[in-house]
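Student: Please show me the structure. I would like to go through its parts one by one.

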Amino acid sequence: MISARSEDIEPTLAEHGVCIEDIRWILLTHGHVDHLGGAYNVWEKTGRQAKVVIPKKEAQLLRDRNEQIIDYKAVQGKYITDPGIQEKYMNMLLSNIGKEIEPSLEVVEGDSINLGDEIILKVVETPSHSIGSVTFVLEGLNWAFAADAVQMYGGLSGMPTIENVTLYRNSVKRLLEEVRPKQLFLGHPFRNKNGVMQSAQIEGEQVAKVLQASLEMDAKLSDVVKRHLSDGLPTEQHELYAPFSSIADEMGYTGDPRHLPCVFFVIMNGYLEELDNK
Ligand SMILES: [Zn+2]
């Protein structure tokens, strides 16, 4: 299950003494289905009172479910061409996402959102786990809600999910050098250098370490990719990871790319595009 479903959100809120009906803001950092999939149902439970906020660049993914499929086809679909797998994934996407909704607010870099009671969030654009990902920074406390904009050494699959590696590098550096959060909230637990899953809530001096680890993983992958692909894409390959088999070998990556969403192809495509643009 990759959706943030209201059935899952409700008991978690209750543990903190919050009723789902009382939610007034639904803040979406980006348009992936595991982040906005439950937005409609939560919004319904609030009697449609909650305001739904999403980055302007990804608002289409909320208001039109077909955009999720277009998004998939633009990257993973280039490498996973088996129609059976594609169909299974499309069905999963559409069943995990609720009905379409019109966002109440589409945000861009520099916007401030006044949540009431003098609680203000600043919007910092942090592409490119997805092209429009933003980080919400709580003014005063300087807590950063980056969700998937920071990937460390990747999640369960052992690979970070990054669509555009050049933008990702800049976004992580910006968080490290400019925003310098006191607390950093990620969208999932991610692995550290030793492969151990870390908490998604990071505090104090650990914040800089997590951001540096994210840059280290990018540097490592970037180096491997350059060595394997600078003379172009190889032709003869193990089918499963083609055309990136030799990279999977060197990285010791054994994930099954047929289990979508396939992080491996997303990030390899990102590095390939970067090489092609140089
Ligand atoms: Zn995501």
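The questions below cover the domains, the core, a helix pair and one residue.

Tutor: This is a predicted model, in which local features need pLDDT of at least 70, side-chain atom pairs count only at pLDDT 80 or more, and totals for chains, interfaces and linings use all residues. Residues are numbered from 1 along each chain as its sequence is written.

Student: Which element supplies the largest share of the side of domain 1 that touches domain 2?

Tutor: The protein is divided into domain 1 (1-107) and domain 2 (108-278), with bounds from an automatic or database domain assignment. 20 residues of domain 1 are in contact with 26 residues of domain 2 (contact: C-beta atoms, placed from the backbone, within 7 Å). β1 (25-27), β2 (51-55), α6 (76-79) and α7 (83-96) each supply at least two residues of that side of domain 1; helices (H or I, at least four residues) and strands (E, at least two) are DSSP runs numbered from the N terminus. The largest share, three residues, comes from α6.

Student: Which helix gives the most to the largest nonpolar core?

Tutor: A nonpolar core is a set of buried Ala, Val, Leu, Ile, Met, Phe, Trp, Tyr and Cys residues joined through C-beta atoms within 7 Å. A residue is buried if 20 or more other C-beta atoms lie within 10 Å of its own, exposed if 12 or fewer, and partly exposed in between. The largest core has 62 residues, and Ile-26, Val-210 and Phe-264 are among those touching the most other members. Seven of its residues come from the helix that gives the most, α9 (residues 205-229).

Student: Are α8 and α9 roughly parallel or roughly antiparallel?

Tutor: The axes of α8 (residues 165-179) and α9 come within 9 Å and cross at roughly 155°. Axes are lines fitted to C-alpha atoms, for helices over the stretch in contact, and angles run from 0 to 180 degrees between N-to-C directions. Angles under 35 degrees count as roughly parallel, over 145 as roughly antiparallel, 65 to 115 as roughly perpendicular and the rest as oblique. The crossing angle therefore makes α8 and α9 roughly antiparallel.

Student: Is Leu-272 buried or partly exposed?

Tutor: Leu-272 lies in helix α11 (residues 263-276). Its C-alpha atom is separated by 9.1 Å from that of Leu-233, 39 residues apart along the chain. Leu-272 has 18 other C-beta atoms within 10 Å, so it counts as partly exposed.

Notes
Contact = placed C-beta atoms within 7 Å.
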